[in-house]
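Please look through the sequence and the model shown below before reading on. The report that follows takes up one chain and then the other.

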Amino acid sequence: MPEPDEIARAAGRAARLPDFDALVARGARRRRLRRTVAGVGLAGAVAGTTLTVLALGRAPEPAPTPAPHELSGLVFTRDDGTTFRSGRVSVACVRSDASNGGPEAEPSTEVIRVSGRVGERPASDDVAWNLRMEVPIADARDGLTLSLPTTEPAYLFVGDVRDGNELSSAAEGSSGTLKVLAASCGPRPSITFTVDGLLGSEFGDLADVAVAGGLTVTADAPTSPAATADARLSALVHSQTDPAIAASVWRRCEGGSACRFRVAVTDDGFRTRHEVSRAFASAPVVVADGGRFHLQGTAGLGWILDTDGTLQEVQRGSGLPESPGPVFMAGDGAWMVLDMSAATAYPVRAPEGADRLSQVVRLDPTPGSRDYNQPLLGLSYADGVTAYLSSDSGGTWQPLGELPEALYGVVRRADGGPALLVEGGDGATLFPFDALQELAEDGTFHRTPMGSDPRAYVGPQVVLADGTLLSSVEAWSDSNGAGTGTPPGLYASDGDDWTTLRRVRSGAPYDDPRTPVDLLDVLVDGESVTLVAGAPAGDDQAAYSSTDGGRTWRAMPAR
Amino acid sequence: MDVLRDVFDTSYRRLVGQLYGVCGDLAEAEDVVAEAFVRAADKRHAFETADNPEAWLRTVAVNIARTRFRRRMVGERLLRLHPPAGDRHPDLGEDRMALVVALRELPVAQREAIALHYFADLPLHEVAAATGSPIGTVKARISRGRRALADRLSGLEFVEEEPHA
């Protein structure tokens with residue numbers, strides 16, 4: 001391996017030396033600005049007080065906190081005296097971007113996020129936002145006062161469209177106060193906040209900008225594409241890169257007619273959504289890839305769904321995909337790799353000498369990986385099951401060890417362990433949890449058999465950061481009907497002893513043992529795992545999410 | 001005696017080299033280290049009373065790199081006055097460049113830990129201090145990062161099996 005320390009030394013030798021005096025001057029300027037703003041603020045307050053005393057003969061009352069309806073936006077004042085204002089904004093409750101590399105990288109925090117624009121938007125500009133504020137909802141619910149500069153994950157960020165200046169409440173030159181007067185998550189997130197101070201520039205050679213004012217932002221009331229008593233959530237899939245991008249599948253049965261499945265898609269956490277014009281006779285399979293989705297029916301290659309609700313039919317290609325995405329089985333039984341950007345699916349070639357590929361899955365060896373560059377595992381049934389690995393979407397294959405003849409699914413991991421498969425028989429409707437297969441570095445599989453008395457039939461599974469295996473058990477083999485035998489629901493192993501399964505004691509709305517957790521989606525973000533489950537029958541909500549392994553749940557929008 | 005000047009003369013290039021592995025780009029590493037010195041000039045007292053001024057600068061530089069990286073991830077289409085500069089790299093052989101490129105594909109937390117431990121040759125406790133993470137977490141990130149790099153680079157072997165203390 002090339003000596004890594006020599007790489008660092010080479011980089012140091014090649015580095016261009018900046019002007020030391022210029023660096024010092026920039027630092028001194030920031031210090032002066034910070035002291036000047038504080039001094040002006042103080043002097044202004046004193047002057048104001050003095051004038052008022054002269055006029056009234058007594059000290060004035062402190063200025064009251066403005067009522068929410070009096071807040072008219074944020075005003076930013078540049079050092080030349082010109083101003084720009086906040087424009088249209090929206091609010092949502094999401095996980096912070098800290099997991100992308102912010103100062104507190106792990107785990108990411110649930111924040112309430114205000115996002116929008118400032119200034120005039122040029123016609124050629126496709127920037128989605130240039131104003132953003134985030135504060136942890138756990139801290140903000142009961143009111144919060146922050147002194148600038150703020151520390152992650154709370155921040156206020158704005159981009160000045162005039163000169164490209166980027167300003168942040170976390171920058172060293174910042175001063176003043178950010179106050180959250182009220183904040184709430186739930187089906188309609190809402191926040192009221194004020195800011196008064198100086199935002200430091202992220203660029204050392206551009207000026208800081210003053211900010212004053214406040215906002216009240218409330219999410220629009222969600223509307224349902226299937227708000228009838230017979231509508232049931234069938235699937236809810238989130239983008240792994242941005243959980244605000246999601247698609248939901250609803251089964252709607254109207255009167256005595258056959259049931260149909262409708263799909264809704266959003267890019268802002270269902271604050272707004274588009275309903276796909278096409279209805280489906282059976283539930284389509286929905287897979288997320290970045291900001292788009294693949295919808296697959298019972299025949300053909302399916303469609304690419306964009307967040308504006310438009311569908312693009314997938315075409316068949318030949319050769320290898322340029323941007324490999326999800327793997328799926330086409331209606332004719334062929335295994336395909338989908339190139340989402342090209343809306344084209346490419347047949348996966350079987351390894352040389354192998355009969356045909358009976359199953360292809362894409363592994364997830366890198367926890368929190370957000371792209372589809374993971375290798376393909378191909379399984380060929382001929383005198384046993386030989387497993388193969390491909391890193392180029394089936395262009396070439398490397399043989400691995402053998403596996404029992406079964407169906408295999410991928411278990412996502414947040415603990416950094418090697419690729420993990422769940423092995424089950426060919427159940428007609430339920431997937432029996434027979435064993436786990438872990439792919440070792442030497443290409444062999446280490447098998448952990450599960451008990452068979454009773455046998456669990458599972459849906460989504462995930463390994464948490466501490467090594468605990470969570471399994472959504474849809475049924476047990478000892479159940480003879482409703483309410484008999486081992487109850488279905490969410491089960492956890494005893495730490496990394498995956499052969500044991502204990503039912504997770506969940507809070508509302510799954511606190512009744514007769515109300516199992518119906519797991520729809522699992523989001524893995526580094527070591528953080530979010531479970532998404534459908535609401536119980538009769539519940540006002542559509543879906544719930546949990547970030548603590550299924551113990552507590554909060555409502556989440558799905559329509 | 002100007003402590004800041006002395007540290008600049010002795011440590012600037014070394015810091016850029018250390019941050020190069022973290023940032024994956026020489027120009028970016030120069031920017032974040034320069035910004036760290038600006039902040040040291042702004043916060044003179046905190047800098048000059050630090051037990052280890054170079055470590056102080058390195059921690060600040062790592063935090064700046066993270067903030068800039070996060071900005072690019074969540075707002076990378078933000079209007080900019082100037083187009084971003086093209087990547088700059090030192091003159092490295094093919095093998096070394098492949099390692100730098102592979103490192104850039106790792107998640108940020110793993111990249112930081114690998115770069116600071118192996119490129120910058122920092123012991124684990126100094127990597128932990130620079131990244132604000134527990135030593136156990138740093139070890140786990142290094143292990144995962146090594147596996148991920150090994151997947152990407154055939155024939156890659158690290159000189160030692162376990163991270164050095």
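## Helices, a sheet and some unusual backbone

Of the 165 residues of chain B, 50% count as buried. The model discussed here is a predicted one, and every value in this report was computed from it. Chain B contains eight helices and zero strands, and its pattern, when read along the sequence, is α-α-α-α-α-α-α-α. Among the contacts in chain B with a separation of 6 or more, 65% are accounted for by residues that lie 24 or more positions apart.

One pair of helices in this chain can be followed in detail. Two packed helices are described by the angle between their axes and the distance between the axes. For helix H1 (residues 3-23) of chain B and helix H6 (residues 108-119) of chain B, the axes come within 8 Å and cross at roughly 145°, and the crossing of H1(B) and H6(B) is right-handed. Which residues of H1(B) and H6(B) meet? On the side of H1(B) they are Gln18(B), Gly21(B) and Val22(B), and these meet Arg111(B), Glu112(B), Ala115(B), Leu116(B) and Phe119(B) in H6(B). By kind, the residues of this contact between H1(B) and H6(B) are four nonpolar, two polar and two charged.

The helices H1 and H6 of chain B also take part in a contact with the other chain. In helix H1 (residues 4-14) of chain A, the residues Pro4(A), Ile7(A), Ala8(A), Ala10(A), Ala11(A) and Gly12(A) are buried. The buried residues of H1(A) pack against four helices of chain B, namely H1, helix H2 (26-42), helix H5 (94-104) and H6.

Chain A also has strands, and four of them form an open sheet in the order S15-S16-S17-S18, with antiparallel pairing. Its edge strands are strand S15 (285-289) and strand S18 (311-313) of chain A, each of which pairs on one side only. From one strand to the next, the twist averages 25°. Within this sheet, strand S16 (residues 292-296) of chain A and strand S17 (residues 303-305) of chain A run antiparallel and are joined by three bridges, and Leu295(A) stands opposite Trp303(A) in S17(A).

Several loops of chain A hold backbone features that deserve a separate look. Two of these features are cis peptide bonds, and they are set out in the table.

| Cis peptide bond | Omega |
|---|---|
| Leu148(A) to Pro149(A) | near 0° |
| Ala508(A) to Pro509(A) | about 5° |

Pro149(A) lies in the loop between strand S5 (144-147) and strand S6 (155-159) of chain A, while the place of Pro509(A) is in the loop between strand S35 (497-503) and strand S36 (518-525) of chain A.

Two further loop residues have a positive phi. Phe270(A), although it is not a glycine, has a positive phi of about 70°, and it is found in the loop between strand S13 (260-266) and strand S14 (274-275) of chain A. Ala343(A) is likewise not a glycine and has a positive phi of about 50°, and its place is in the loop between strand S21 (335-339) and strand S22 (344-347) of chain A.

Is Phe270(A) buried or exposed? Phe270(A) counts as buried because it has 26 C-beta neighbours inside 10 Å, where 20 or more are needed. Ala343(A), with 19 other C-beta atoms within 10 Å, is partly exposed.

Conventions: Residues numbered from 1 in each chain as written. Chains lettered and ligands numbered in written order. Predicted model: local features only at pLDDT ≥ 70, side-chain atom pairs only at ≥ 80, totals over all residues. Axes fitted to C-alpha atoms, helices over the stretch in contact; angles between N-to-C directions. Helix = DSSP H or I, 4+ residues; strand = E, 2+ residues; numbered from the N terminus. Left-handed = near helix turned anticlockwise from the far one by under 90°. Contact = placed C-beta atoms within 7 Å. Nonpolar A, V, L, I, M, F, W, Y, C, P; charged D, E, K, R; others polar. Buried ≥ 20, exposed ≤ 12 C-beta atoms within 10 Å, placed from the backbone. Pairing = 2+ DSSP bridges.
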